[in-house]
Amino acid sequence: MATQFDLNGRNAIVTGGARGIGRATAELFLKSGAAVAIWDVDTKAGEAAADALSRLGRAIFVHVDQANLGSVETAAEQTLSMLGGVDILVNNAGIAGSNAPLTHYDPCEWSRIVQVNLVGLYYCCRVVVPLLTSNGWGRIVNVASVAGKEGNPTASAYSASKAGAIALTKSLGKELATTGVTVNCLTPTAVRTDIFAQMSEEHIAYMLSKIPMGRFGTVEENAAMIAWICSEEASFTTAGVFDTSGGRSTY
Ligand SMILES: NC(=O)c1ccc[n+]([C@@H]2O[C@H](COP(=O)([O-])OP(=O)(O)OC[C@H]3O[C@@H](n4cnc5c(N)ncnc54)[C@H](O)[C@@H]3O)[C@@H](O)[C@H]2O)c1
């Protein structure tokens with residue numbers, strides 16, 4: 001990944017940083033001079049990612065299940081004691097869940113998707129925002145999805161959770177507008193990562209068919225947009241929605 005941004009001296013949390021878009025973001029942040037705490041529920045993959053990325057700078061792993069408020073509070077305490085402060089929060093962790101019509105969707109799975117993707121994101125903001133406002137500077141990027149704008153069929157819980165993440169971003173961005181902390185969200189379209197294993201082939205083909213560029217996005221393209229939003233230069237943009245959707249979403 002050639003592109004770099006000036007994140008020197010910044011401490012960043014990247015949730016779901018063990019793999020996929022989160023790992024690529026952690027890598028670009030490290031190359032750009034930030035220290036990175038990878039928060040993930042998958043300890044084995046998270047430790048392996050932090051170990052591998054440590055050659056680029058200060059990379060630590062912190063276990064968290066973001067669906068649990070107590071776990072998020074503990075992760076924040078551990079991160080503070082190890083890094084000494086937090087400047088950037090990338091709320092990237094998420095699950096897709098399986099594909100089924102709404103009337104056939106398992107109610108427990110439906111609730112779990114919203115709990116992880118939306119309530120968990122809220123927990124991370126709730127716990128980390130005071131650390132950022134006390135600095136008088138901060139960047140939050142919530143990784144939503146184009147599904148939250150358009151609604152993908154057979155993915156009602158995922159689409160609803162991501163629409164919620166977009167609305168939370170707009171609300172919190174306005175709440176924090178005079179604090180020096182910006183809050184924006186990213187709405188990627190499909191990127192071939194491990195998350196595809198949760199979806200049906202039919203659903204993956206549907207998503208690809210909706211992308212005017214005729215290809216999936218890459219983790220690097222999403223990481224680059226996230227890093228730009230977290231840069232010093234992106235100082236007059238908050239409560240915004242940034243697309244990485246190959247032309248699918250034009251509003
Ligand atoms: N890949 C895509 O097609 C795509 C498209 C649009 C949006 N997104 C969003 O981008 C984000 C990253 O997706 P990805 O494709 O890299 O996924 P991924 O499955 O490769 O990685 C997600 C990471 O989140 C972690 N995670 C899951 N539940 C967690 C929890 N409760 N607490 C902490 N960590 C948890 C997983 O262990 C995993 O390491 C997600 O929010 C996803 O919804 C992905």
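The following dialogue introduces a predicted model of one protein chain with a ligand.

Student: What should be known about the numbering and the model?
Tutor: Residues are numbered from 1 along each chain as its sequence is written. In this predicted model, local features need pLDDT of at least 70 and side-chain atom pairs count only at pLDDT 80 or more, whereas totals for chains, interfaces and linings use all residues.

Student: How many helices and strands does the protein chain have?
Tutor: Helices (H or I, at least four residues) and strands (E, at least two) are DSSP runs, numbered from the N terminus. On that basis, the secondary structure of the protein chain comes to 8 helices and 7 strands.

Student: Why is the protein chain described as being as compact as a globular protein of its length?
Tutor: The globule rule, 2.2 Å times the number of residues to the power 0.38, gives 18 Å for 251 residues. The radius of gyration, taken over C-alpha atoms, is close to that value, so the chain is as compact as a globular protein of that length, at 17 Å.

Student: What percentage of the residues in the protein chain is buried?
Tutor: A residue is buried if 20 or more other C-beta atoms, placed from the backbone, lie within 10 Å of its own, exposed if 12 or fewer, and partly exposed in between. Of the 251 residues, the buried share is 48%.

Student: Which helix gives the largest share of the shell around the ligand?
Tutor: The ligand is surrounded by 29 residues, each with its C-beta atom, placed from the backbone, within 6 Å of it; the closest are G16, G20, A93, G94 and T193. Both α4 (107-135) and α1 (20-31) supply at least two residues of this shell. The largest share, 3 residues, comes from α1.

Student: Which strand pairs with β2 (residues 35-40) in the parallel sense, with H63 as the bridge partner of D40?
Tutor: Strands pair if DSSP finds at least two bridges between them. Here 5 bridges are found in the parallel sense, and A37 has I60 as its bridge partner. The strand, residues 59-63, is β3.

Student: What is the handedness of the crossover from β2 to β3?
Tutor: The chain passes from β2 through helix α2 (residues 43-53) to β3. With the strands pointing away from the viewer, a clockwise path from the first strand over the helix to the second is called right-handed. This β-α-β crossover is right-handed.

Student: Why is β2 said to be largely enclosed by the rest of the structure?
Tutor: A35, A37 and W39 point one way from β2, while V36, I38 and D40 point the other way, and all are buried. The strand is therefore largely enclosed, the count of buried residues being 6 of the 6.

Student: Is S249 buried or exposed?
Tutor: S249 lies in the segment after β7 (241-244). Contacts (C-beta atoms, placed from the backbone, within 7 Å) join S249 to V146, K149, E150, T187 and D243, not counting residues up to four places away in sequence. Because S249 has 20 C-beta neighbours inside 10 Å, this residue counts as buried.

Terms used. Two residues are in contact if their C-beta atoms, placed from the backbone, lie within 7 Å.
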